[in-house]
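Here is a short report on one structure and the ligand it holds. Look over the sequence and the fold before reading on.

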Amino acid sequence: MARPVIIALLGVDGSGKSTQARALARRLSERGVPATYFENAGGRPLWNRLAHRLGRRDGGHLFGRRLYPALEAAVRWLAVARAVAGVRLTGRVGVMDRWTWCQYVIMRARGDRGVRLVRAAYALFPRPDLVCFLAVSPALAQRRVHERGIDTEELGHLAALDAAYRALPEFADFRVLDGGADPTAVAAALDRLVRPLVTSGSGDRARRG
Ligand SMILES: Cc1cn([C@H]2C[C@H](O)[C@@H](COP(=O)(O)OP(=O)(O)O)O2)c(=O)[nH]c1=O
């Protein structure tokens, strides 16, 4: 059985990952390349809702600065494991909204300890065949998050996330797309990068090189 293709979209909150990843999975499936969208979240909205209910500011405030990142990393580990199992069992292309790096980045941006430990725990996950970083200015990201109306983001935090992505040792291997561009242009750019990896009628990888 051929190893299924995994495509990951990364970027700060509001960069358009979810919108673009969902649309990409849909386009691929419509074109005869069965694809599934996976949201590899760390459960932050859930933790925050729980915290608000218990009268705390957010998940970090409720669980503390050591336990909260561990909980978030564990939830994301489970999500990524489920996504990897999903594509391996079905052979479908996996379009990943976030990947392991998002956890390291959020921990670095918050100044959490334990990134090396989390990296070790995530080391068993495969490297996606294509990783796209949707680059947006913190101001645009903040505006989009605000308009989405689910949560809010500090400008400084968005800038710290962006910097943490760019500081990743793997960043040079990511394909950087202008996430602030018109969504149809972003989708077209994604399609151009994805096309050589997939063959119509199957989720199998079109072998490169
Ligand atoms: C991609 C995109 C999203 N949006 C909106 C849709 C969402 O309400 C919000 C955030 O997009 P979303 O795809 O949810 O971003 P992320 O998953 O990276 O957090 O911005 C735009 O207004 N313009 C765009 O080009």
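The report covers the ligand site, then three residues.

## The ligand site

This is a predicted model. The ligand is surrounded by residues from several parts of the numbering: V12, D13, G14, S15, G16, K17, S18 and T19, then R144 and R148, and also P183. By class, this shell has 5 polar, 4 charged and 2 nonpolar residues.

Which helices each supply at least two residues of the shell? They are α1 (17-30) and α7 (138-148). Helix α1 gives the most, with 3 residues. The space taken by the ligand is the largest pocket.

## Contacts with the ligand

Three short distances link the protein to oxygen atoms of the ligand, and they involve R148, R144 and S15. For R148, a polar side-chain atom lies 2.8 Å from a ligand oxygen. For R144, a polar side-chain atom lies 3.1 Å from a ligand oxygen. S15 takes part through its backbone: an N or O atom there lies 3.2 Å from an oxygen of the ligand.

How much of the ligand does the protein bury? Taken alone, the ligand exposes 540 Å². The protein buries 78% of that area.

## E153 and its partner

E153 is found in the loop between α7 and α8 (155-167). Is E153 buried or exposed? Its relative accessibility is 8%, so E153 counts as buried. The cut-off for buried is under 20%.

The side chain of E153 also has a partner. It makes a polar contact with the side chain of R44, at 2.7 Å.

## R27 in helix α1

R27 lies in helix α1, the helix that gives the most residues to the ligand shell. R27 counts as buried because its relative accessibility is 16%.

How far is R27 from R144? Along the chain, the two are 117 residues apart. Their C-alpha atoms are separated by 23 Å. R144 is one of the residues surrounding the ligand.

## R98 and its backbone

R98 is found in the loop between β3 (93-97) and α5 (100-110). Its phi angle is near 85 degrees. That is a positive value in a residue other than glycine.

Is R98 buried or exposed? At 16% relative accessibility, R98 counts as buried.

Technical notes: Residues are numbered from 1 along each chain as its sequence is written. This is a predicted model: local features need pLDDT of at least 70, side-chain atom pairs count only at pLDDT 80 or more; totals for chains, interfaces and linings use all residues. Side-chain values use heavy atoms; hydrogens and water are left out. A residue is near a molecule or strand if one of its heavy atoms lies within 4 Å of it. A polar contact is a pair of N or O atoms within 3.5 Å; within protein, one must be able to donate a hydrogen and the other to accept it, and residues adjacent in sequence count only if both atoms are side-chain atoms. Accessible areas come from the Shrake-Rupley method with a 1.4 Å probe; for residues, only the protein chains shown count as cover. On a 1 Å grid over the protein atoms alone, a cavity is a set of points where a 1.4 Å probe fits but cannot get out, and a pocket is an open set with protein on both sides within 12 Å along at least five of seven lines; lining residues have an atom within 4 Å of a point. A molecule sits in a cavity or pocket if more than half of its atoms lie within 2 Å of its grid points. Helices (H or I, at least four residues) and strands (E, at least two) are DSSP runs, numbered from the N terminus. Ala, Val, Leu, Ile, Met, Phe, Trp, Tyr, Cys and Pro count as nonpolar, Asp, Glu, Lys and Arg as charged, and the others, Gly among them, as polar. Buried means under 20% relative accessible area, exposed over 50%, partly exposed in between (1.4 Å probe, protein chains only).
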